[in-house]
Amino acid sequence: MWVITGCHQERNESIRLMNAGVKLAQDGKTESALAKLGRATAVDPTNHRAFFNQGIVLQKRKRLDAAKKAFQSAVKGSPERGEYLYQLGMVLHEMKSYEEAIPILKKSSEVRPNHGETWLRLGECQVATEAFDAAQDT
């Protein structure tokens, strides 16, 4: 006997919550957006896109420690996504954690070699850490 089931209910609910959170963020309702995105990540901790969107909202609000954690979770869930790596690198750059940002931005540049902003931020981090030869190469 075959039993046909739909997609995982947790993932469906997480995506629904994530989409609602993104819409709330677009409408300027930051705290409500963060609440929805937080629920989305709790319902399905494998929903790396929900963590990424949460990080974006937090970064815009300058809640950098929380944004860093959200982007780290996004990268953990999908380590080859260039935009996840870039945003994590950007938050670290904003936090002036240049040495921590450099390997993240290098990985991002490998994944997305044509993304000029990644190269720019990587070079800035290298200058900030006085790695001038590396910055010149970058």
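**Group meeting: an eight-helix chain**

Glu-130 counts as exposed, at 59% relative accessibility; exposed means over 50% relative accessible area, buried under 20%, and partly exposed in between, with a 1.4 Å probe and protein chains only. Glu-130 lies in the loop between α7 and α8, which runs from 132 to 137. Its phi is positive, about 60°, although Glu-130 is not a glycine.

Before I go on, a word on the source. This is a predicted model, where local features need pLDDT of at least 70 and side-chain atom pairs count only at pLDDT 80 or more, while totals for chains, interfaces and linings use all residues. Residues are numbered from 1 along each chain as its sequence is written, and side-chain values use heavy atoms, with hydrogens and water left out.

Back to the loops. A second residue with a positive phi is Lys-62, near 65°, and Lys-62 is likewise something other than glycine. Lys-62 sits in the loop between α3 and α4. With a relative accessible area of 58%, Lys-62 is exposed.

Now the whole chain. How many helices and strands does the chain have? There are eight helices and zero strands, where both are DSSP runs numbered from the N terminus (helices H or I, at least four residues; strands E, at least two). Along the sequence the pattern reads α-α-α-α-α-α-α-α. The C-alpha trace spans about 65 × 40 × 20 Å along its principal axes. The chain has 138 residues, and buried ones make up 40% of them. Take the contacts with a separation of 6 or more, a contact being heavy atoms within 4.5 Å: 46% of them join residues 24 or more positions apart.

Next, the core. The largest nonpolar core has 29 residues; such a core is a set of buried Ala, Val, Leu, Ile, Met, Phe, Trp, Tyr and Cys residues joined through side-chain atoms within 4.5 Å. Two or more residues each come from α1 (9-26), α2 (30-43), α3 (48-60), α4 (64-77), α5 (82-94), α6 (98-111) and α7 (116-128). Which element gives the largest share? That is α5, with seven residues. Inside the core, the residues with the most contacts are Phe-71, Leu-105 and Cys-125. Leaving out residues up to four places away in sequence, Cys-125 touches His-93, Tyr-98, Ala-101, Ile-102 and Leu-105.

Tyr-98, one of those partners, lies in helix α6. Under the same limit of four places, Tyr-98 touches Leu-92, His-93, Cys-125, Ala-128 and Thr-129. Tyr-98 and Arg-121 are 23 residues apart in sequence, and their C-alpha atoms are 9.5 Å apart.

Two helix pairs follow. The axes of α1 and α2 are 8 Å apart and make an angle of about 165°; axes are lines fitted to C-alpha atoms, for helices over the stretch in contact, and angles run from 0 to 180 degrees between N-to-C directions. Therefore α1 is roughly antiparallel to α2, by a scale that calls angles under 35 degrees roughly parallel, over 145 roughly antiparallel, 65 to 115 roughly perpendicular and the rest oblique. From α1, the contact includes Leu-17, Gly-21 and Leu-24, and from α2 it includes Ala-33, Leu-37 and Ala-40. The residues of this contact are nine nonpolar, three polar and four charged; Ala, Val, Leu, Ile, Met, Phe, Trp, Tyr, Cys and Pro count as nonpolar, Asp, Glu, Lys and Arg as charged, and the others, Gly among them, as polar.

The second pair is α3 and α5, whose axes come within 11 Å and cross at roughly 30°. That angle is why α3 is roughly parallel to α5. On the α3 side the contact is made by His-48, Arg-49, Phe-52, Ile-56 and Gln-59, and on the α5 side by Glu-83, Tyr-84, Gln-87, Met-90, Val-91 and Glu-94. Those residues divide into five nonpolar, three polar and three charged.

Last, two single residues. Is Thr-30 buried or exposed? Thr-30 is buried, with a relative accessible area of 17%. Its place is in helix α2, and, leaving aside neighbours within four places in sequence, Thr-30 is in contact with Val-57 and Arg-61. Ser-73 lies in helix α4 and, at 28% relative accessibility, counts as partly exposed. Ser-73 and Arg-49 are 24 residues apart along the chain, and 9.6 Å separates their C-alpha atoms.
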